[in-house]
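Here is a quick briefing for anyone meeting this structure for the first time. Have a look at the sequence and the 3D view, then read on.

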Amino acid sequence: MAAPLSASIGASRREFFTATAAGAAALLACRDAAVPPGGSTARPPNIVFIMADDLGYGELGCYGQSKIRTPHIDRIAAEGMRFSNAYSGCSVCAPARSVLMTGMHMGHTSVRSNPGGVPILAEDVTVAELLEERGYATGCFGKWGLGDIGTEGVPWKQGFDEFVGYLHQAHAHYFYPRYIYDNDQELPLDGNEGSGRGTYSHDVIADRALEFIARNKDQPFFCYVPFTIPHSEYVVPDDEIYAQYAGTFEEMELSENPNRPGRLIRPSEPHATLAAMITRMDRDVGRILQLIAELGLDENTIVFFTSDNGAAAATWTDYFRSSGDLRGAKRDFYEGGIRVPMLVRWPERITAGSSSDHIWGFHDFLATALELAGAEAPAGTDGISVVPTLLARGEQAEHEYMYWELPRYEGGPGTFRNETPSQALRMGKWKAVRPAPDGELELYDLDADPSETQDLAADQPAIMATIQALLDQARQPPRPQKEPDHIWWVSKG
């Protein structure tokens, strides 16, 4: 486990970043762990990181889904590595993304609340900044959720050369908005004025990601694609993809509309709608894979696919067993809320059809990406590179423990409640969960009980004492979490 974060880590990380920028070329020259066959003079691999929004562990064919078609995502598993113990940074959207971008787990990362527009800090150093300094073109296409317009948290101030998508995550609850952002400019979507439904935002985002890859084919690129599917609202174009599912499922009227009033197109066919959304995203994952192959970049491009947290907790997703055999869903710290699909493909480097039970999470991506680029992660981050596991080369370091929390946001000035937050900690096979703030800890043996059905806290006092000691050292009090003065719906409606 990385050393605990110091009180001044934000400043020290920025100082490290500035001081080492001049040495990037030397670091690149020294890389040998992840370079393609042929020697260290070859350019570092392109990195594509695709992330679904609220996609459950069990909603993909390669994780046991039988009703929803995901052939292209399943192909990543067939041609790469499938992980069974990969974890999101948190059980909800924004904190999970903060962990992913900063390499800091939930005891240390900047954004630890989920109102939608709280920005990461100017002094935070993101994986995009570090890759950009190493010669990568960087693009983000989809839902950002780490700073609205007018803040220091926007992607073009956090290392991304290009951004197209949603800044404030509440804006991303709509698939037919009047506009999304193209960097700091509004990008109008045709036909979406008033109640119009002319342009499905996901399609624009996917197209722009493809354009970025094609335009940067001659240099290393980092393409981060945080798709908004299958988060609510649950709507999808009435086209051939939807037609695959219309009328084929057991459907029901929703007792509670999971969307805002008037936003659900087919309230009597929620299962078909959700399935079509996921298959539509799968189609665009296939388009990304196809373009990479057509550009001759297959063997020098590593593709990650995951989800930002567990499946949405809407009761109708039970029909698809969206969490598989795992307990819980989004917002929970049981496995169904934080264990996520994780697939990684790199032809000729990662063994096709392989699998791994290595325990890792979003905070490990920064260290992994930096090693792929031939460098090291900054001191003070919490992650450990998983390149040894991916390439079956060398000894894989392991975490002493994995940690999650979600403090409750007070609102107003943006402070947190004075309480012990909901928490989880995994230490090997042992998993402790505090399901409610100030509640009692529960303990599960994930090897024997992956569905977390038998609480062993009373039977394992020594394990509980060790876990409590780790909980005490795993976190620092979070900074105030304040929404920006400009919030998209205040000025735009």
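## A first look

Let's start with one pair of facing residues: Glu405 has Gln423, in β14, as its bridge partner. Keep in mind as you go that this is a predicted model. Two open sheets come up below, one of four strands and one of 10, followed by the cores, the aromatic pairs and the cysteines.

**The four-stranded sheet**

- Read across, this open sheet runs β13-β14-β15-β16, and its pairing is antiparallel.
- β13 (402-406) and β16 (442-445) are the edge strands; each has a single partner, so one side of each has no neighbour in the sheet.
- On average, neighbouring strands here are turned by 10 degrees against each other, ignoring direction.
- Being at the edge doesn't leave β13 out in the open: four of its five residues are buried, so the rest of the structure largely encloses this strand.
- β13 and β14 run antiparallel and are joined by five bridges.
- Five bridges also link β14 (residues 422-427) with β15 (residues 430-434), again antiparallel.
- Within that pairing, Arg426 sits opposite Lys431 of β15.
- Helix α12 (residues 461-474) packs on this sheet and touches β13, β14, β15 and β16, with its direction at about 120 degrees to that of β14.

**The 10-stranded sheet**

- The other open sheet has the order β7-β6-β5-β4-β8-β1-β9-β10-β2-β11, and the pairing is mixed.
- Its edge strands are β7 (185-188) and β11, each pairing on one side only.
- Neighbouring strands in this sheet are turned by 15 degrees against each other on average, with direction ignored.
- β1 (residues 46-52) and β9 (residues 301-307) run parallel, joined by seven bridges.
- Along that pairing, Phe49 faces Phe304 in β9.
- Helix α3 (residues 71-78) lies across β2 (81-83), β9 and β10 (342-345), at about 70 degrees to β10.

**What's packed inside**

- The largest nonpolar core has 65 residues, and the ones touching the most other members are Ile47, Trp144, Phe222, Tyr224 and Phe304.
- What does Phe304 contact, leaving aside neighbours within four places in sequence? Its contacts include Ile47, Val48, Phe49, Ile50, Met342, Trp360, Phe365 and Leu390.
- There's also a second, separate core of 61 residues, with Ile50, Tyr57, Tyr63 and Ile76 among them.
- Helix α10 (residues 365-372) is mostly covered, with seven of its eight residues buried.
- Among the buried residues of α10 are Phe365, Thr368 and Leu372.
- Just past α10, Gly374 has a positive phi of about 90 degrees.
- Is His358, in the loop between β11 (354-356) and β12 (360-361), buried or exposed? His358 is buried, at 10% relative accessible area.
- Not counting residues up to four places away in sequence, His358 touches Phe83, Asn85, Val386, Thr389, Gln396, Ala397 and Glu398.

**Aromatic pairs**

- The count of aromatic pairs comes to 24.
- In one of them, the ring centres of Trp144 and Phe160 are 5.7 Å apart with planes at 80 degrees, so the pair is edge-to-face.
- Trp144 and Phe160 both lie in the loop between β4 (137-143) and β5 (162-166), so their pair ties together parts 16 residues apart in sequence.
- Trp144 is buried at 1% relative accessibility, and Phe160 is buried at 2%.
- Tyr334 and Tyr444 make an edge-to-face pair too, because their ring centres are 6.3 Å apart and their planes are at 70 degrees.
- Tyr334 is in the loop between β9 and α9 (335-338) while Tyr444 is in strand β16, so this pair connects parts 110 residues apart in sequence.
- Tyr334 counts as buried at 9% relative accessibility, as does Tyr444 at 3%.
- Phe49, Trp144, Phe160, Phe222, Tyr224, Phe304, Phe362 and Phe365 form one aromatic cluster.

**Cysteines**

- How many disulfides are there? The count is zero.
- Why is Cys93 not bonded to Cys90? Cys90 holds the closest cysteine sulfur, but the sulfur of Cys93 is 9.6 Å from it, too far for a bond.
- Cys223 is in a similar spot: its closest cysteine sulfur, in Cys140, is 8.7 Å away, also too far for a bond.
- Cys93 is buried at 2% relative accessibility, and Cys223 is buried at 0%.

How values were computed: Residues are numbered from 1 along each chain as its sequence is written. This is a predicted model: local features need pLDDT of at least 70, side-chain atom pairs count only at pLDDT 80 or more; totals for chains, interfaces and linings use all residues. Side-chain values use heavy atoms; hydrogens and water are left out. A disulfide is a pair of cysteine sulfur atoms within 2.5 Å. Buried means under 20% relative accessible area, exposed over 50%, partly exposed in between (1.4 Å probe, protein chains only). Two strands pair if DSSP finds at least two bridges between them. Axes are lines fitted to C-alpha atoms, for helices over the stretch in contact, and angles run from 0 to 180 degrees between N-to-C directions. Contact means heavy atoms within 4.5 Å. A nonpolar core is a set of buried Ala, Val, Leu, Ile, Met, Phe, Trp, Tyr and Cys residues joined through side-chain atoms within 4.5 Å. Rings of Phe, Tyr and Trp (its six-membered ring) pair if their centres lie within 6.5 Å; planes under 30 degrees apart count as stacked, over 60 as edge-to-face and the rest as tilted.
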